[in-house]
Amino acid sequence: MTNIYLTDYETLPEKVGQVFQLNGEEIVLFRLTNGEVRAIENRSPHPKGGTLSEGLVSGEYVFCPVYDWKISLIDGKVQAPDEGKVKIYPVERDKEQVFIVK
Amino acid sequence: MSKKKLVMIGNGMAGVRTVEEILKLAPEAFQITIFGHESHPNYNRIQLSTVLQGDTTVEDIIMNSWEWYKENEIELFTGEAIVAIDTNKKEVISDKGRIVAYDELIIATGSSSFILPIPGADKQGVTGFRDIQDCETMIKSSKLYKKAAVIGGGLLGLEAARGLLNLGMEVDVIHLMPDLMERQLDSTASKMLKDELEAQGMNFIMEKQTAEIIGEDRVTGLRFTDGTEIEADLVVMAVGIRSNTSVAKESGIYVNRGIVVNDFMETSVPNIFAVGECAEHRELVYGLVAPLYEQGKVLAATLCGVETKPYEGSIVGTGLKVSGVDLFSAGEIEDDKHTKSIKVHNEFDGVYKKIVIRDNRISGIVLYGDTKDSSRLFKMLVNKEDVSGMTSVSILESGCCGGAAGSNDIASMADDEIVCGCNGVSKGTIVQAIQTKELTSVDEVGACTNAGRSCGRCKSQIADILAYTLGDKFKEADKKIALCGCTTLSRDEVVAEIKEKGLTSVKEVMNVLGWQQEEGCTKCRPAVNYYLGMIHQDQYKDDRDSRLVNEKMHANIQKDGTYSVIPRMYGGVTSAEDLKKIAEVAEKYDVPLVKLTGGQRIGLYGIKKEDLPAVWEDLGMDSGYAYGKTLRTVKTCVGAKFCRYGTQDSMGLGIELEKKFERLDTPHKVKMGVSACPRNCAEAGIKDFGVVGIDGGWEIYVAGNGGTDLRAGDLFATVKTKEEVIELIGAFMQYYRETANYLERTSKWVERVGLDHVKEFLADEKTRKALNERLDKTLLKYNEPWSEAIEKKEIQEKYYQKREVPVLV
Ligand code: SRM
Ligand SMILES: Cc1cc2nc3c(=O)[nH]c(=O)nc-3n(C[C@H](O)[C@H](O)[C@H](O)COP(=O)(O)OP(=O)(O)OC[C@H]3O[C@@H](n4cnc5c(N)ncnc54)[C@H](O)[C@@H]3O)c2cc1C
Ligand code: SF4
Ligand code: FES
C-alpha cells in the first residue's frame, strides 16, 4: 500500500469533480460540502459506460451525468432502483495535501 | 311526454348548485333555461378573494364550464338580465327583449354590494367587491394607482384589503366600529387579528364614518364625518350586501328584506321559487354558501317531486381567507349573565379560543390562531350536544397551543362529522368515495363529493383523509405533484415561498423549506435554480453547480464522455470566413464528426473536455446553446431577399429574434422558425414560436413541437410589423417563463393552461408591457459563456482540466 500525492487540498473546488490521470486510470476527487474528500474511478457503472466527473453532487452522493444513476461516494454503491458499484479509493489527507491509497 | 320548462334567473352559486341537484335526481324531467347577468359561466365567487390575492386565476375558479351547460342541454343566456316576470302568462322578459315561457321559475339573483349613498359614490375608482368585474377593476387600478381605501372592516373588506396589498398598493381600511369583524369576533380575537394584519402592512382607521368621496371625475380622497380627510385613488366599498329583489318585487312577489320563501323555497306566487342570497327564510337572509346549498337541495327535491325534509334554517360558521390568519367563528360570541365560557389565551403562540356555553350547550365559538377543533366544536354546537359531563380539556381537545393535525385526528373523527362545511360533506362520505371510486387527489374528491369546491378551507383536512384512507398509496399519488422526492412542496408552493420569504439561493430554499435531502437531487436543484433566476430577474447569481452536465459545461456530453461543440449561426446564415474557421478547428483537433444539425448549423462532435476552451478560442464564435434550457435555434427560410414567393425578410427577423432571446433561461428549450410565406420552408408550424410572413404582415404560431409528441403550433395572432412580432413573442415568452413548470415545453404548458387563457391574458397592452420589461431586465444579466471560460482561468481549472499524476515506479 502506498500513498500517492494527488494535489493540494485548496485546489479542490466544492461539489465539482476533478479528474486525475494516473497510469491510464482516471480518478475523480470530489470535495463535499462538509469538507471531506472522496475518490472514485471516473467510469459510470451503467452498462453503457461514460464518465462521472461532471455529475451533480448532493451530500455524499453523485448523480451519473449521463444516465442519472445515484451513487454513494462512501461505498461506491449505486442506489435503488438501479444496481451496480463504482470503485472507491481510500483518501488520506493532512492539512494541505490529498493522497490516495493504492 | 314533453319535458317541463324550467327557467332560472341568475347563474350563480346557489342557483347552479340547485340545477346540479335537479340533474342528479331527475336528469330528464326539465328543459332548462338559465339567464345570467354576468358574461361568465358559473364561477366560485368565494375564490374572488384568492384571485385578487394573486393565488389563482379567473380561469381556475370556473365551476361549470361552457361544455357543462352543453352536455346537460341547458340553454344559457349570459350577459343578459331578466327585467320582468309576467306571472299570469308565466313568462320572463330579458333586457334584450327575449321572452321565455316557464312552467317552473327559480329566482336565484343573489345580492349586490351595498354602495353607501354618500356624495361622490358614483365617481370613477369607486367599486364594490362582488364579481369578476370588480376584481378586474381593482387589478387594473393597482397598476395605475397607489393608494387604496377599503371602507368596511368585515370579512369582505379585509379580504379585499389583503388582495390590494398583494397587488402592491398602500391600503387604508376604514371601519365604523372599534373592533374589526365585530359580528364574528370578540374584542380579544379582534385585537389579535388587527395586530396581525397591521404587521402584514394594512393601515386601520377605526371609528370613522365616511361622509363624502372627493375628487373630480376620479376619486382622490375621502372625507369623514369629523371633517378629517385621507387621500385615495381607489375606494372599495365593503360595508354589506343587498339582496337583488327588484324584479321579484315589481312582479308582485312578496319581498321583505329578501324574497320571502317557506320551508320548501316557495315564494308567494305559485310555481315561482327563490334560493340563495336573494331569498329570505324565517326572517333570515344568508350570505354564506353552506346554507344556500342546503336550500338548493330542498328546492331540487321539491321541484322533482322527491320527498324531502323541509329546510328549517342553518347555523353558520365563518373563516377569513387571508394567509397568515387562521380563524373560525360561529354562533354567539359575547357572554352574558347566563353564559359560561371557556377561554384560553396563549399570547406567546398567538392562540385564542373561546367557547360560549349556555344551558350546558355550546352556543358560540371563537378560535384564533389554531382552528383544528373547529369542525368538531361546530358539530357539537349544531347538534346541541349536552356538555355538562365534559371537562374543559376534553371540549378543547387540541389544548391551548394546538397539537399536530394528521392521521390520528382523522382516525378519531366520527364518520358523520362534517369535513366540508360549505357543502355539508362528512368524513364518511369522503372515505367511501375514495374507496369505491379509487380517488387519489383532493381535486378528485371535490369532483365526486363537492367537498372543498367552495371556500377551500377544508382541503388540508381532505388531504389528511386521503392520506389516512390510502396509506402508502397516497404518498405515491402525492409525489406526482411534489417537485421531487426531496420535498412535499409543489412547484407553485416553492415559487410562492421563494417570493414570500425572499429566499435567494438554492441552499437557502432547501434549508428553509425543510428539504429531506439537504442538497437536493438532479430534479429539484436545476428547477429551484431556474425558479430563483426567474423570480429575482437580474439580481440572482446563477448556481452553476446546480445545473446538469450540459448546461454546467456549456457543451453537450456524449456517451463516451466527449462533447459536441455547436456555435451560433444566427438564423442559419453563415459566411465563408466562419466556415473556414470551423474547417480549421475540425482539422486541428482531429474532430471525429462534422455534421449539419437539425437546427440549421454545424456541429463538431467528439471533442475532449480538456480541449473545449481551446476549441472555443480558435473558433472565436458564440455558443449556440445546443445544450441549454434556453433558445436553441431560429430556423429561417431564404425569404423575400431571394425567393420569388417571399413576402417578408425572414432571415432578418430570424437573426433579430435569435440575437434578442439567446441565452435566456427558460423552463425548457425553446425553438423558433421564421418563414417568408405560407409554404413555410422553415417548418415554423412545429416550433415553440413560429412566424410566417404574409403579404403585409406576419402570422405568429405558438406551442408547436417536432419532438417526442408531435404538435402543430396554434395561430396566436396576426400582426403587421416585426416590432409587434417581437413584442408579442417577448410577452408570451415571459409569461411562459413565469408560470410553466421546469422542464415543461411550451406545447405542454399551453395545453395545460389553455390557449384561450394565454390569449386573454396577453390581450392587455399593459400586461404585455410589464412582461416585456421584466424580460428585458433579465436579458441584461447574461454573458457569453464560451468567452468567459476563455478569459477566466478559474473556470478553466474548475471545470475543464484533467491533471496528469506522475507515478514513480
Ligand atoms: C445536435 C442535434 C441532432 C443533429 O445532429 O442534428 C440534436 C441532438 C440532441 N438532441 Fe435534439 N438535436 C437536434 C435537433 C432536434 C430537433 C430538430 C429541430 O430543432 O429543429 C428536435 C425536434 C424539434 C423540437 O424540439 O420540437 C429535437 C428533439 C429533441 C428532444 C425531444 C424534445 C421534446 O420536447 O420532445 C430531446 C430530448 C430532450 O430535450 O429532453 C433532444 C435531445 C437531444 C440531445 C441533447 C440528447 C442529450 O441530452 O444528449 C442530443 C445531443 C447529441 C449530441 O451528442 O450532442 N432533442 N432535437 C440537433 C441540434 C440542433 C441544433 O443545432 O441545436
Ligand atoms: C369576495 C367574496 C368572498 C366570499 N367568501 C365566502 C366564503 O369564504 N365562504 C362563503 O360561504 N361565502 C363567501 N362569499 C359569499 C358567497 O359567494 C355567496 O353567498 C354566494 O355566491 C351566493 O350565491 P347566489 O347564487 O345566491 O348569488 P350569486 O353567486 O351572486 O349569483 C347570482 C347571480 O345572478 C345574477 N343576476 C342578478 N340579477 C339578475 C337578473 N335580473 N337577471 C339575470 N341574472 C341576474 C348575478 O349577476 C349573479 O351572477 C363570498 C363572497 C364574495 C363576493
Ligand atoms: S417559405 Fe416561402 S419564401 Fe421561404 S423559401 Fe419557402 S417558398 Fe420561399
Ligand atoms: S369548507 Fe368551504 S369548501 Fe369545504
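A polar contact here is a pair of N or O atoms within 3.5 Å, a cut-off worth keeping in mind for the first view of this predicted model.

**View 1. Polar contacts around ligand 1.** Let's start with B:Lys669, where a side-chain N or O atom sits 2.7 Å from an oxygen atom of ligand 1. The side chain of B:Thr597 also places an N or O atom 2.7 Å from a ligand 1 oxygen. For B:Asn705, the distance between a polar side-chain atom and an oxygen atom of ligand 1 is 3.3 Å.

**View 2. The shell of ligand 1.** Stepping back, we find 21 residues surrounding ligand 1, with B:Thr597, B:Gly598, B:Arg601, B:Lys669 and B:Thr708 the closest. By class, this shell holds 13 polar, six charged and two nonpolar residues.

**View 3. The surroundings of ligand 3.** Here the neighbours include four cysteines, B:Cys637, B:Cys643, B:Cys677 and B:Cys681. B:Arg679 and B:Asn680 also belong to this group. The shell around ligand 3 splits into six nonpolar, three polar and one charged residue.

**View 4. The largest nonpolar core.** This core gathers 50 residues, and B:Ile85, B:Val92, B:Ile106 and B:Ile107 have the most contacts inside it. Helix α8 of chain B (residues 289–304) supplies the largest share, six residues. Apart from this core lies another, of 40 residues, including B:Met138, B:Leu155, B:Leu197 and B:Ile333.

**View 5. A close look at B:Ile107.** Leaving aside residues up to four places away in sequence, B:Ile107 touches several isoleucines, namely B:Ile9, B:Ile85, B:Ile253, B:Ile259 and B:Ile272. Its other contacts are B:Ala248, B:Phe273, B:Ala274, B:Val275 and B:Cys278.

Key:
Residues numbered from 1 in each chain as written. Chains lettered and ligands numbered in written order. Predicted model: local features only at pLDDT ≥ 70, side-chain atom pairs only at ≥ 80, totals over all residues. Heavy atoms only, no water. Near = heavy atom within 4 Å. Nonpolar A, V, L, I, M, F, W, Y, C, P; charged D, E, K, R; others polar. Polar contact = N/O pair within 3.5 Å; in protein donor to acceptor, adjacent residues only side chain to side chain. Core = buried A, V, L, I, M, F, W, Y, C linked by side-chain atoms within 4.5 Å. Buried < 20%, exposed > 50% of the residue type's maximum accessible area, 1.4 Å probe, protein only. Helix = DSSP H or I, 4+ residues; strand = E, 2+ residues; numbered from the N terminus. Contact = heavy atoms within 4.5 Å.
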